[in-house]
Amino acid sequence: AEIVKAAHGDSVSMGSTVTVEKQGADGKQKFKIVGSDEVSTADGKISNHSPLGSVLIGKRKGDSVSVKTPKGVTSYKIVSVE
């Protein structure tokens with residue numbers, strides 16, 4: 001096991017906390033990108049291997065990403081990266 005410290009860069013990486021806006025929805029969502037063994041959707045922790053987590057890696061504030069879901073493609077805009 002390897003402990004990853006919280007990232008403090010301008011692009012999304014493991015340990016980053018990312019705030020996104022879902023296209024067509026009101027409000028913002030905040031997620032922390034973690035490894036598979038730390039996932040807790042109730043606490044806003046998503047895996048870097050999840051559909052959303054994997055497309056967020058390497059992106060920056062202002063970027064838009066699209067995620068294929070069972071209900072179709074969903075788009076998100078990155079509001080902030082901590």
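Me: Two strands pair if DSSP finds at least two bridges between them. In this predicted model, what makes β1 and β5 a pair?

Reply: Happy to help! β1 and β5 share five bridges, and the cut-off is at least two, so the two strands count as paired. Their sense is antiparallel. For one spot to find in the structure, T19 stands opposite S80 in β5.

Me: How do you know that β2 pairs with β3, and is the pairing parallel or antiparallel?

Reply: Count the bridges again. Three of them join β2 to β3 (residues 45-47), and at least two are needed, so this is a pair too. The two strands run parallel. Here V34 stands opposite S47 in β3.

Me: And what joins β1 to β2?

Reply: Five bridges join β1 (residues 17-22) to β2 (residues 28-34), and these strands run antiparallel. E21 has K28 in β2 as its bridge partner. Five residues lie between the strands of this hairpin, where G24 takes a positive phi near 85 degrees.

Me: Why are β3 and β4 said to stand at the edges?

Reply: Follow the order of the open sheet, β3-β2-β1-β5-β4. β3 and β4 each have a single partner strand, so one side of each has no neighbour in the sheet. From one strand to the next, the twist averages 45 degrees.

Me: Why is the contact of R60 with D10 called a salt bridge?

Reply: The closest N and O atoms of R60 and D10 are 2.6 Å apart, and the limit is 4 Å, so the pair qualifies. R60 lies in the loop between α1 (51-56) and β4, while D10 lies in the segment before β1, so the salt bridge ties together parts 50 residues apart in sequence.

Me: What makes R60 "partly exposed"?

Reply: R60 has a relative accessible area of 41%. Buried means under 20% and exposed means over 50%, so R60 falls in between.

Me: How do you know that E82 and K30 form a salt bridge?

Reply: Their closest N and O atoms are 3.7 Å apart, which is within 4 Å, so this pair qualifies as well. E82 lies in the segment after β5 (72-81) and K30 in β2, so parts 52 residues apart in sequence are tied together. E82 is partly exposed too, at 43%. The structure holds two salt bridges.

Me: What is the average pLDDT of the chain?

Reply: The chain averages 92, and 90% of the residues score at least 70.

Methods: Residues numbered from 1 in each chain as written. Predicted model: local features only at pLDDT ≥ 70, side-chain atom pairs only at ≥ 80, totals over all residues. Heavy atoms only, no water. Helix = DSSP H or I, 4+ residues; strand = E, 2+ residues; numbered from the N terminus. pLDDT = per-residue confidence, 0-100. Salt bridge = Lys/Arg side-chain N within 4 Å of Asp/Glu carboxyl O. Buried < 20%, exposed > 50% of the residue type's maximum accessible area, 1.4 Å probe, protein only. Axes fitted to C-alpha atoms, helices over the stretch in contact; angles between N-to-C directions.
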